[in-house]
Amino acid sequence: MRPILILLMLIVVAAGVAFGALNAVAVPLDFHFFRFEAPVGVALLAALLAGWLLGGLVAWLGPAARQRRELRRLRQELRAAQAARTTDRP
């Protein structure tokens, strides 16, 4: 399985290099507060990287927030159980 994954990654990288080399035309990029020109390949790579980072951040923060809420709930239950246990003692 690993050699197939490595081969697939090499094919994708080669396709990306070929795409970048064949699309070297500069395109204007305007972000309202600054403007610059970059080759199409660089612009697409930057967009891919930004999407990957934002997607990873959302995927990481979503479960983390849910786990924090669950941890908070479990701690409250533990405190309540401990308080009930200490008040039940003679």
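Q: What makes Arg-73 and Glu-70 a salt bridge?
A: In this predicted model, the closest N and O atoms of Arg-73 and Glu-70 are 2.5 Å apart. The cut-off for a salt bridge is within 4 Å, so this pair counts as one.

Q: Where do Arg-73 and Glu-70 sit relative to each other in helix α2?
A: They are 3 residues apart there, so about one helical turn separates them.

Q: How do you know that Arg-73 and Glu-77 meet in a salt bridge?
A: Check the N to O distance again: for Arg-73 and Glu-77 it is 2.2 Å. That falls within the 4 Å limit, so the pair qualifies. Arg-73 and Glu-77 are 4 residues apart in helix α2, which again comes to about one helical turn.

Q: What links Glu-70, Arg-73 and Glu-77?
A: A network of salt bridges does. Arg-73 takes part in both pairs, one with Glu-70 and one with Glu-77.

Q: Why is Arg-73 called partly exposed?
A: Its relative accessibility is 36%. Buried means under 20% and exposed means over 50%, with partly exposed in between, so Arg-73 lands in the middle class. Glu-70 at 35% gets that label too, and so does Glu-77 at 43%.

Q: What makes Asp-30 and Arg-35 a salt bridge?
A: Their side chains meet with 2.9 Å from N to O, and the limit is 4 Å, so they pass. As for exposure, Asp-30 has 48% and is partly exposed, while Arg-35 has 62% and counts as exposed.

Q: How many salt bridges does the structure hold?
A: It holds 3.

Q: Why is Arg-66 called exposed?
A: Its relative accessibility is 51%, and exposed means over 50%, so Arg-66 makes the cut. Arg-66 is found in helix α2, residues 40-88. Together with Arg-68, Arg-69 and Arg-72, Arg-66 gathers in a patch of positive charge on the surface.

Q: Which residues make the nonpolar surface patch?
A: Leu-5, Leu-8, Met-9 and Val-12 do, and their patch covers about 410 Å². Leu-8 lies in helix α1, residues 2-22.

Q: How do you know that the protein isn't a compact globule?
A: Look at the radius of gyration: a compact globule of 90 residues would have one near 12 Å, but this protein has 26 Å. The C-alpha trace spans about 85 × 45 × 10 Å along its principal axes. Also, 4% of the 90 residues count as buried.

Definitions and conventions: Residues numbered from 1 in each chain as written. Predicted model: local features only at pLDDT ≥ 70, side-chain atom pairs only at ≥ 80, totals over all residues. Heavy atoms only, no water. Patch = residues over 30% accessible without salt bridge, like charges linked within 9 Å, V, L, I, M, F, W, Y side chains within 5 Å. Areas by Shrake-Rupley, 256 points an atom, 1.4 Å probe, with all protein chains shown as cover. Lys, Arg positive; Asp, Glu negative; His and termini not counted. Charge placed at Lys NZ, Arg CZ, Asp CG, Glu CD. Helix = DSSP H or I, 4+ residues; strand = E, 2+ residues; numbered from the N terminus. Buried < 20%, exposed > 50% of the residue type's maximum accessible area, 1.4 Å probe, protein only. Rg over C-alpha atoms; globule rule 2.2 N^0.38 Å.
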